[in-house]
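Thanks for sharing this one. Here are my notes, point by point, to read with the structure open.

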Amino acid sequence: MKYISEFRDGDVAQRLSEAIHRETRPERAYHFMEFCGGHTHAISRYGLTDLLPSNVKMIHGPGCPVCVLPIGRVDQAIRLALEEEVILCTYGDCLRVPASNGLSLMKAKAQGGDIRMVYSSTDAVTLAQKNPDKHVVFFAIGFETTTPPTAVALKQAAMLGLKNFSVLCCHVLTPPAMTAILDAPEKIAIDGFVGPAHVSTIIGSRPYEIFADQYGKPVVIAGFEPLDVMQAIRMLIHQVNEGRSEVENEFTRAVDRDGNRKAQGIVAEVLELRDEFEWRGLGTLAHSALKIRDEFAEFDAEKRFDIAYVAVADHKACECGTILRGLKQPQECKLFGTVCTPENPIGSCMVSSEGACAAHFTYGRLKDV
Amino acid sequence: MSDHRQGYIRPLDLKNGRVEMAHGAGGRAMAQLIEALFIKHLANDYLAQGDDGALLESLTGQGRLVMATDCHVVSPLFFPGGDIGSLSVHGTINDVAVMGAKPLYLAAGFILEEGFPLGDLARIVESMAQAAKNAGVPMVTGDTKVVERGKGDGVFITTTGVGIVAPGDELSGRNAQAGDAILLSGTLGDHGMAIMAERESLGFESPIISDSAALHGLIAVMRDSGARLHVLRDPTRGGLATTLNEIARQSGVGMLLQESAIPVKPAVAAACEFLGFDPLYVANEGKLLAICPAADAPLLLAAMRAHPLGTDAAIIGEVQADPHAFVQMRTCLGGRRMVDWLSGEQLPRIC
């Protein structure tokens, strides 16, 4: 398949692996965080750690949209479905995120909630048009990649004059999460970041310059294909070896410094910064998420329905928080693979295939035995 | 479920739990439902065999009986390459045939919804008749029920098949041995992605056609090749990955696949990429997985490739000794990873 098979070529991977082995200095360790769940998935899915020297360690970051969704947000969506009896639609991964009272959207669906999976935000608008006697809420989650489609759906709904459509907006931002990890009191050794792929197509590479300039951390933006990830790791090793900290771009086929100005414009028109937002694992972060502007208030599910946000603590033994901050590996959690499995996830990291725990359980746990 | 898996699974919550779509997806949740509910309460030696059909005693002294049953709830009812009628014939014939048996008779149960167009029902029944005729297996009895509008979804069909297996030809998922070769009769994911493309009205340049087919003819030539067969299975719901995990569990062995050897049509690979599916987990309705001694693999492969339903057959991996019964894969990049059971639900109502 053109544009994909080239980036999964085994021979190229072997040559890259040999180069990385050659260029890595044996006397030191390299700790790199891949921010995105897409990278976590690629690393696990293709067994990339087998191709890296043992002193190059990858730390899974918090860039998995459903992983950072706190219980309270899923609770809001469930209340909309079960109490307000709306048609609640969202992206597939969201359906299994554990919420309060042993529920998830999937379980709420089995209890009679009208909960549907959609592939795009515009499908949600179509659903509202087709069901004029029901209210349709789109549970909008994700980083900067999925934000423009939500903004487009809101604009569409306004243009169509829909009275039965609203959005529960839980969109979050990447740079504040990276800042939170670097500013955390419990410091972790990070020598550099494999920077986001799809997020960077929207925001460009400029927003990461602060991490290179002020924190001294190299950032290499990488695509989600396995060779992209390997090449980015190699570029990070070069930066570390040469004592540089710069933002470099491996994903030049899709990312530039400024990003997608048009998408940024649409988002700015419809959404604005929240004062603060609670993340799973990272706590409440200032200016880290988006809300719907007052001009579009009639499409804001939080304003239309009585669903005030209530913060709910994670399961006591669940290590999702420390895993999302890069402090622990999935297999270090007591619940991993015993109480918490992809079938019955206790924490959000066990839900999406991009979550660190699900990726390790599904692809990597053979290496634990 | 063997002991080493137990630790990974929480018990069914019979007090507050509800049936979820995942319980029908063919993955781990369904395996648990079957194990913890159906097998627990209906326990007998035949059910305990754990295969797609049951190997029964001989009634005539001329080989043992095999019986298999399969429900069909596919949506849409008509799809490129088939419909619920032909699918319900092929699915059950295949479940009988992979037990090593010659399929002899079929029975069908219909649940029809009030208001369903009779013309559509006629198309379905004609398609069933044609499929049964082509396969040489008559539909000998059936039952029909109608439910009120809104209580069904058009047509649900359950078919049951009976066959007879020649002495010594019995097959089971329990027979895989370390050192065996794993063969696949053709490309993965054609059925699942044909349904998905139809359901989502995705207009791909080259249309994806379901592989729905009866496999007993292919199995017969594999038998005739003289290769010793240990296991046959048709990887339907849950895909190849789930089928291999079932066999690994039943036989108490591990497996190592070579990703680069697994055939997938470019259009299916593209559709999977586009929709975020992994072909290893997508349903097939006309593919055969065969496990045989490594020494016999070239002979078996040649026989499969000589049959129209096996032209893309390939040796995709090997059976290994492994107390954890892990199915592993050497990826196209050269790394090693697990190929786990299907988790959750990939595509509802695929068959």
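1. Let's begin with the domains of chain B. The domain assignment splits this chain into domain 1 (55-165) and domain 2 (181-338). Please keep in mind that this is a predicted model. Taken over C-alpha atoms, the centres of domain 1 and domain 2 of chain B are 23 Å apart.

2. How do the two domains meet? In chain B, 17 residues of domain 1 are in contact with 21 residues of domain 2. On the domain 1 side, helix H3 (84-97) and strand E5 (102-113) of chain B each supply at least two residues. H3(B) has the largest share of that side, with 7 residues. By character, the domain 1 side divides into 10 nonpolar, 6 polar and 1 charged.

3. Next, have a look at where the chains touch. The contact takes 32 residues from chain A and 28 residues from chain B. On the chain B side, the elements giving two or more residues are helix H2 (28-42), helix H8 (266-275) and strand E14 (336-338) of chain B. H8(B) gives the most, with 4 residues. The chain B side divides into 11 nonpolar, 9 polar and 8 charged residues.

4. Finally, chain A on its own. You will find 14 helices and 13 strands in chain A. The radius of gyration of chain A is 21 Å, close to the 21 Å given by the globule rule for 369 residues, so chain A is as compact as a globular protein of that length. Its C-alpha atoms fill a box of roughly 65 × 45 × 45 Å along the principal axes.

5. One more point on the packing of chain A: buried residues make up 54% of its 369 residues. Of the contacts in chain A with a separation of 6 or more, 77% are between residues 24 or more positions apart.

Methods: Residues numbered from 1 in each chain as written. Chains lettered and ligands numbered in written order. Predicted model: local features only at pLDDT ≥ 70, side-chain atom pairs only at ≥ 80, totals over all residues. Rg over C-alpha atoms; globule rule 2.2 N^0.38 Å. Buried ≥ 20, exposed ≤ 12 C-beta atoms within 10 Å, placed from the backbone. Contact = placed C-beta atoms within 7 Å. Nonpolar A, V, L, I, M, F, W, Y, C, P; charged D, E, K, R; others polar. Domains from an automatic or database assignment.
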